[in-house]
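Please take me through this model in the viewer, one selection at a time, and tell me what is to be found at each stop.

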Amino acid sequence: MRWDKKRILEIDRRHIWHPYTQMKDYEGRDPVVITGARGLKLFTADGRELYDTISSWWANIHGHLHPALNRALAEQLEHLEHVNFSGFTHPWAAEVVERLRAFLPAALSRYFFSDNGSTAVEVALKMAFQYWQNRGETRRTRFLALREAYHGDTLGAVSVGGVDLFFRLYRPLTFEALRAPAPYCYRCPENPSPDFTRDAEDIDCNFHCVAVLESIVKEHCDEICAVIVEPRLLAAGGMIVYPAEYLRRLREITRRYGILLIFDEVATGFGRTGTMFAMESAGVVPDIVCLSKGLTAGYLPLALTVTTEEIYRAFYADYLEGKTFYHGHTFTANPLACAVAAANLRLFQEERPLERGRRVREFFHRRLLELFSGRPYVGDIRYLGYVGAVELVRDRTGREPFPPEKRVGFRIYMASLEEGLVLRPLGDVIYWFLPLCVTEGDLDEILTRSLRVMDRVIGEIS
Ligand SMILES: Cc1ncc(COP(=O)(O)O)c(C=O)c1O
């Protein structure tokens, strides 16, 4: 069978249902057929190149087809492609854990493998819940999560998710989480950031949102088992960057009330925010952390839920005590994925991309401000490490959003593909979620093209 573009599109149109896509939007247009990639670029079936400005759904870390990662995967095929992980173990899982231990706080010492970000979160929720059950504190059954949070699309993750557009319909299928306001500085009802949010560190703030969270914790302290947050960056909620101090206060509150703290680092992990893990920027250690996406540098599905000895010990008992953690997936700790994850961690240890990328990150942030701050349709500019975002508004003074029917973000996305970029929006937030191999030259090209696209689309709709 020859896979020419026409044939691929025929099959796609007739049989394939794509994720997070209103398929009717594609009635008169084709999805982009990608036939290869290298570094920061995706190659299309009609010979064009696109900057992969969203790191293939926030997963790619060192660019596409990195030679060391390719080699690790090819070599692994000489040994073992898959084996069950219950009662069995293998060297590649051990290497991942041993290398990760060099990056994670020592208090996080027990590693539970699974196979994607949502499962890492499901594991964390069930683990936190059962921790209290196993200890006999059976009233602790509730989770506290943030509005605008996103933790995945399986039903436990949806229960703690707060992006209404995605989750509203499924509420009858989920459990009810307690919800605290998101630290969304640009749209803070108490103390809106006077200027652009940037990295949220210079904001003069009384942390009203933390006070609200604390009042919820206080009211429900003996029924809550854990608080779950995405540290420093509410990603799918609109690339909302918030201050490290928020996390320090949150840790203090959860300690004071004896509640577990879960960090979902599925999107923020592996250098994306400029430190290996976002929690490092706050110097805060949670009780459970969820990892995926960048764990294999974006090559293969793999996830980890990492926790403390204390939580692990609450499950460790004679079989008949019924404290076993009944959770597992077919592809838990898949050896191919583990081999690539180990090679990814070796790259971090040997090539030190985060130290070497300091100037590039500074350039990125400076250029974002230089290019976008003068545009009347740019309400907010925020950034953290290799993530940058602009929130587009109809009226900058009143921070008034564009009417949803204008579909500004979607139009920009479509126009960006013509400019050789992938500006996949979150509503009217346009963002860049770049791999660590990005250069100043790439950034300049990407941001200049992005600005051209936005000027054009906003010009057409105004
Ligand atoms: C913070 C966060 N948690 C969990 C997930 C879910 O990961 P997955 O799509 O691999 O299930 C995502 C995905 O975008 C995420 O951003």
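How much area do domain 1 and domain 2 bury between them, and what share of it is on carbon and sulfur atoms? In this predicted model, domain 1 and domain 2 bury about 550 Å² between them, with 54% of that area on carbon and sulfur atoms.

To see where this lies, colour the protein chain by its domain assignment, which gives domain 1 as residues 1-31, domain 2 as 38-65 together with 357-461, and domain 3 as 71-351. The centres of domain 1 and domain 2, taken over C-alpha atoms, are separated by 25 Å, and six residues of domain 1 are in contact with eight residues of domain 2. Now select Lys5, Asp25 and Arg29, which supply 59% of the area that domain 1 buries against domain 2, more than any other three residues. Keep Lys5 on display and add Asp46, since the two form a salt bridge in which the closest N and O atoms are 2.6 Å apart; the count of salt bridges between domain 1 and domain 2 is two.

Next, turn to the aromatic side chains, of which the structure holds 18 pairs. Select Tyr312 and Tyr316, whose ring centres are 5.9 Å apart and whose planes meet at 45°, so that the pair counts as tilted. Tyr312 is partly exposed, with a relative accessible area of 29%, whereas Tyr316, at 55% relative accessibility, counts as exposed.

Which charged ends sit over these two rings? Adding Arg110 to the selection shows its charged end over the ring of Tyr312, 3.8 Å from the ring centre, while the charged end of Arg313 sits over the ring of Tyr316, 4.6 Å from the centre of that ring.

Then move to Phe372 and Trp432, where the ring centres are 5.5 Å apart and the planes lie at 55°, so this pair is tilted. The pair links distant parts of the chain, with Phe372 in helix 13 (residues 358-372) and Trp432 in strand 15 (residues 429-433), 60 residues apart. Are these two residues buried or exposed? Both Phe372 and Trp432 are buried.

For the last stop, select Tyr20, Trp57, Tyr150, Phe166 and Phe167 together, and display their side chains: ring pairs link these residues into a cluster. With the domain colours still on, Tyr20 falls within domain 1 (1-31), Trp57 within the 38-65 part of domain 2, and Tyr150, Phe166 and Phe167 within domain 3 (71-351).

How values were computed. Residues numbered from 1 in each chain as written. Predicted model: local features only at pLDDT ≥ 70, side-chain atom pairs only at ≥ 80, totals over all residues. Heavy atoms only, no water. Phe/Tyr/Trp six-rings, centres within 6.5 Å; stacked < 30°, edge-to-face > 60°. Buried < 20%, exposed > 50% of the residue type's maximum accessible area, 1.4 Å probe, protein only. Helix = DSSP H or I, 4+ residues; strand = E, 2+ residues; numbered from the N terminus. Lys NZ or Arg CZ within 6 Å of the ring centre and 35° of its normal. Domains from an automatic or database assignment. Contact = heavy atoms within 4.5 Å. Buried area = accessible area lost by both parts, 1.4 Å probe. Salt bridge = Lys/Arg side-chain N within 4 Å of Asp/Glu carboxyl O.
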